[in-house]
Each structure stands twice: as structure tokens, then as C-alpha cells.
Amino acid sequence: MSIEVRSVTKAFGGFVAVRDVTLTVGAGELLALLGPSGSGKTTLLRIMAGLEEPDAGQVLLHGQDATEADVRRRRVGFVFQHYALFRNLSVFENVAFGLRVRPRAARPPEREIRDRVMSLLRLVQLEAMADRRPAALSGGQRQRVALARALAVEPRVLLLDEPFGSLDARVRAELRRWLRRLHDEIHLTSVFVTHDQEEALEVADRVVVMDEGRIEQIGTPEEVFERPATPFVTSFLGRVNVFHGRVEAGRALLGPLSVPYPEHPEPDPRPAAAYLRPHELELSREAGGDGFWATVRHVYPAGGSIRVELADDERRLLEVELPRQRQQEIGAAVGDRLYVRTQTVRVFVTAKETGTP
Amino acid sequence: MTAPRRAVAEPAAVRVALVAVALVFVALFLVVPLAAVFAQALEKGARAYVAAVSEPEAASAVRLTLLTAAVAVPLNLLFGLAAAWATSRFEFPGRGVLLTLIDLPFAVSPVISGMVFILLFGRQGLLGPWLAAHDLRVVFAVPGMVLATVFVTFPFVARELIPVMQATGTEEEEAARVLGASGLQIFWRVTLPNVKWGLLYGLILCNARAMGEFGAVSVVSGHIRGVTNTLPLHVEILYNEYQFQAAFACASLLALLAVGTLVVKSLVEWRGRAALRQAAE
């Protein structure tokens, strides 16, 4: 089932959490709402669920206006950031809750409840824990109970608020792959909120990047990572070196860089900035191509790759990420002067009146 | 079992002195008076004791005490739940004022609490002429006693519940709502189980105070024997009439109530902790 959000705005007191957001989640899609805290992503998710009422705008579920529909009637599955398991009920009863509270006419018989709950617990690999209380489970297990509980009512969409936020790194990586596989099996339209770009890029079909209540960019993980639409998206999705400068007469002059910029042929200068990902820069011992000379300040081994911190001739710092093998070839060491070659330079004209860069 | 090493370890002498001070204090001001009450009550033997607590006026006082508690405690339960729910779940104009006013009966002297009802419902009071015209008696009658008791005890349940409800938060209730539960189902299945120990604790304290209240009730009672005397008032009357043994016999009933309340309270706390432990295992 599809979810459509049309020009939704929501403010809490003087703070505008969501500003005029329009978004469509396709049927069967797994969508990530990605942004820093305070970007409005959780509020948007809660508006989709019906836990918050928008000040303006509409929410359509399966093409039908659900803006006024009560949460109870929307048939959404919601997984809370801190799981919100019922602490006085066993794992089994937590999952059964949504079935037990149905009006008598719609309530399945006890046998069916038992079967359905047990098959869901099998799905989340927690059959053995059915009689435990939530307090006796680990974070990852609680998260899976929360998911089983949300799925028990056969929701039309699944909404997850920071589903892996409070788990440690290993469990988090495991659980998000598991969620992806689960989604591929059941094809339930799902939206999850995260502040972790790696998580969004790895799991989602499409990523919505938000900042200050607005959507900055919507696209596939490749699109938002390779072709970020705004400086914010560029710097939020991974590490980045920023050089400030200007564009004029068809060239961009940004710190040590000077690259062609045909989008601005006029002679009057405009402030601009270049965004360079550390892994998109190359180091070598001789000059060649677009680039500049810089001095190595630090060399950090970072697992499979090496991070090299350099300073250009005007002491502007930048970071370059090299494959371990390349480091063995050039042997960058503190104090060396190396040539930094750029491949792609993303230039954003920062003056607002020029609109999109 | 070895004692855990403490970060703040006092010299043994200091510890012994502190424990001794606490124990002596408890003995002097709690145990000795309590023992004295029972000693005096049984001074003339068990027969006199039974006679003192079963004579008609004493029995009437017991009945009235039970009645006021039977009205005050359920009202307190309702008010406490409503106030705790409202203040911990919603932001509304007057929330701060409500939170402050809940404590008012703790802040003012019980005598003043009683006076308020005389000023409202007494013959010269605001509503006095209207009540007289309709032949209704509030002050110097049972309704006044109940009103005064309700007023004095109403913070108990709310005070216990508000912090508990604030600590539990609203996420579980939201989860229940998304799963399709109605307001009533959420209350019975989620909210109430989470606050039950706090609620029970509040009710026990409220009941103890409702039965033991003296000041406010004394002002509105008019001391009509066999009609508007609760146990604490009855004790005072007997004492003023130099019937010491009877006074102490009735007082021992109140003391027993207090001891019983403490036992139940400890049981509730113990059960509550056990429930928490069980949940954690």
C-alpha cells in the first residue's frame, strides 16, 4: 500500500518540525528518512502513523485521505525507538496484544492467536523466549519482539522509528540486514527513520534526506551519495573536505583548486564551495591533472584503508583516504610533500539567489 | 557473604554512634509511647478492655471512622488517578497551578481545613441559609466529617502516582493505541498494571490518614456523642473525662490500625520490589 504526504507542516509551539513536506512512498518500497536530530524525520513518521496531527496538509494511505483517521483505524505497524514493549506482559502476550484488544466479533479464536503469535516469534527467531518478560531480553531481542508485535495485526504499512538506534554496532549491522531480507520476503511498504547514513544507504530502496524540517533530496542510495543535490546532503552523507572560494568567468577558484565551471560564465564573482570526499582524492609523488601540492601532517590507519591528513600551502587541512595497497606503493609519511589529484569536484554556489547549483 | 567495599567508609566508632543515636531515638519516641498505650489499655485486664471498645459509643465511633474512610479512600482513588493522568500526560493551562494546589492540604493546618467547611456550610456561612432552608445539615453532622476527611487526604494518591506515571512515560500507551486498543483497554491493560504498586501505596497511606485524622474532623464534628464522633475524637472525650483506661483502649485500636498499615505497606513494597526483580530475571 502506498503512502502519500502532501504539503504537510507541523509546529510544536514556536518550533517548526516539518515544513511543507510532500513525499510519496510506493507500494512495497523500503524507504529511509535520513537526517540529523531535530530535522523533523521522526515527526514526519509519527504524522504518517497518525500519532501526530499535521497543522496543514494531508496524508493519503492507498490513495485515500487518512488525515482525520484515528491511529486505531489506520492499520499501521509502528516500531518505537525504545521498543515500548509492555513491561508487565510476557513476550508472547506482547505480540498477542493487538489481536486480543480487537472487538469480540473481529477477534480470532485463542488457537489462531496462539498459532499466529508463535509463527511470528519463529520469524523473528524468538520462539524460545515466549514466556520471558521484556526486561529479561537483550536490546536486539527486544527490537525483534517489537517488530513481531507490530506485524501481528497485519498492518498495511510498517513504520520504524530509529529501529537500530540503541543497539551496539555489531548487532545493529546484523539486524538491519535481517530487516532487509525480511522486507524482501514480505514486501510490506516500510518507512524507517535513521540518523545513520550508512544504515540508510545499505538498507533502503530510496533515501529521503531531511534537514530543518525540509526534504533536501530524495533518491536511490547511489543517487544521493554520488550526486548529492545540496551542500548539506554532501556533508551529511559521509566525510567531506570543504574549500570555500568563488566562481567567476567560467571557473571555480576554491582554495588551492582551480577548475572549470561553465555554469557561471559571467565575470561577476559569486561565493561558492567545493565538496571533496576523502576517498575521491588521490595522492601521488608527481604532479599531473587537476590538483595541488600539500604536506602530510598525520597518517591514520583505519582498518582496510589509510586516512592521510594533509595541509596545503595556506595551511588548510584536508583528509584523503587511500586503499592500504596504494599506501604501500607511495609510502606517505609525515612531512612528505605529495600531489593531491582531484577526480570529481562538486561545486555549490552558496549565494542563495542563484538557486540550484 | 563478604561486605562490599564502600567508597565512603566511616570509622567504626562513627558508624556505631550514628546507629545508636537512630535506635535510641526510635525507642524513645516511637516504641516507648506505643508500648505505653497498650500497657495503659490493658491495665485493668482484658475484660475491661473489651468492654471499653465495645460499648455503644465506642462502636458508633468505629462505624463512623470506617464510613469516612470508605467514602474518602475511593474518592481519593478517582481524584488521584485523574490528577496524575492529566498532569503527566497533557500540557494544559493551569497544570502548574493544579500541581501546586494538590499539596495545599499538606501545607495548611488541619484546623484551618475544618474552619473552611464551617465558613462555607455553617449557619452563618456562605451556603448556610440555603442549607437551612432545605433542612440539610453538613457541619456538625456526618457529611461535614466526610468532607473534611476527603479534603485533608486528597493529596495522598495523586502524590504517589504523579512521579510513577511521569517515569513510565507515554510510549507504551502509544504502542497500545497503534495496535488498536481503546482508551479503556489501554487503561486496564497498560497504564494500571504499570502504576499498581504506587497506587496501592498511596491508598494505604490515604486510608491511614482518613482513619486517624483529628484536627479538621474535630472542628466540624460538634462532638455529638454516638453521632459525630470518630475514634480519634472519642479517645479525646474519654481522656478529658478521666476515663484513662477506656481512652487508651480505644487509642490502642488506632495504634493497631497504624501498625497494621505499616505491615501492609511493607508487604506492598516487598511485593513491588519482588515483581521488579522477577521482571528483570
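In this short talk I will go through the sheet in chain A, then the overall build of chain B, and finally the contact between the two chains.

Before anything else, please keep in mind that what we are looking at is a predicted model, and that the values I mention are computed.

Let me begin with chain A. If you follow the strands across, you will find an open sheet of 4 strands, whose order is β2-β1-β4-β5, and the pairing in this sheet is antiparallel. For those of you who are new to this, strands of a sheet pair through backbone hydrogen bonds, and they can do so in either a parallel or an antiparallel way. Which strands lie at the edges of the sheet? They are β2, residues 15-25, and β5, residues 64-65, of chain A, each of which pairs on one side only.

Now let us look at strand β4 of chain A, which covers residues 56-61 and is joined to β5(A) by 2 bridges in the antiparallel sense. Strand β1 of chain A, residues 3-12, also pairs with β4(A) in the antiparallel sense, here over 5 bridges. One residue lets us see both pairings: Leu60(A) is the bridge partner in β4(A) of Glu4(A), and Leu60(A) also stands opposite Asp65(A) in β5(A). Where the chain turns from β4(A) to β5(A), the hairpin has 2 residues between the strands, and His62(A) in this hairpin takes a positive phi near 55 degrees.

Turning to chain B, we find a chain with 14 helices and 0 strands. Its C-alpha atoms fill a box of roughly 60 × 60 × 30 Å, if we take the box along the principal axes. Of the 281 residues in chain B, 33% are buried. If we consider the contacts in chain B between residues at least 6 apart in sequence, 75% of them join residues that are at least 24 apart.

That brings me to the place where the chains meet. How many residues does each chain bring to the contact? Chain B gives 17 residues and chain A gives 20 residues. On the side of chain B that touches chain A, the elements giving two or more residues are α10 (171-178), α11 (183-212) and α14 (244-280) of chain B. The largest share of that side, 7 residues, comes from α10(B). When we sort the side of chain B that touches chain A by class, we count 9 nonpolar, 3 polar and 5 charged residues.

Technical notes
Residues are numbered from 1 along each chain as its sequence is written. Chains are lettered from A and ligands numbered from 1 in the order in which they are written. This is a predicted model: local features need pLDDT of at least 70, side-chain atom pairs count only at pLDDT 80 or more; totals for chains, interfaces and linings use all residues. Two strands pair if DSSP finds at least two bridges between them. Two residues are in contact if their C-beta atoms, placed from the backbone, lie within 7 Å. Ala, Val, Leu, Ile, Met, Phe, Trp, Tyr, Cys and Pro count as nonpolar, Asp, Glu, Lys and Arg as charged, and the others, Gly among them, as polar. A residue is buried if 20 or more other C-beta atoms lie within 10 Å of its own, exposed if 12 or fewer, and partly exposed in between; C-beta atoms are placed from the backbone.
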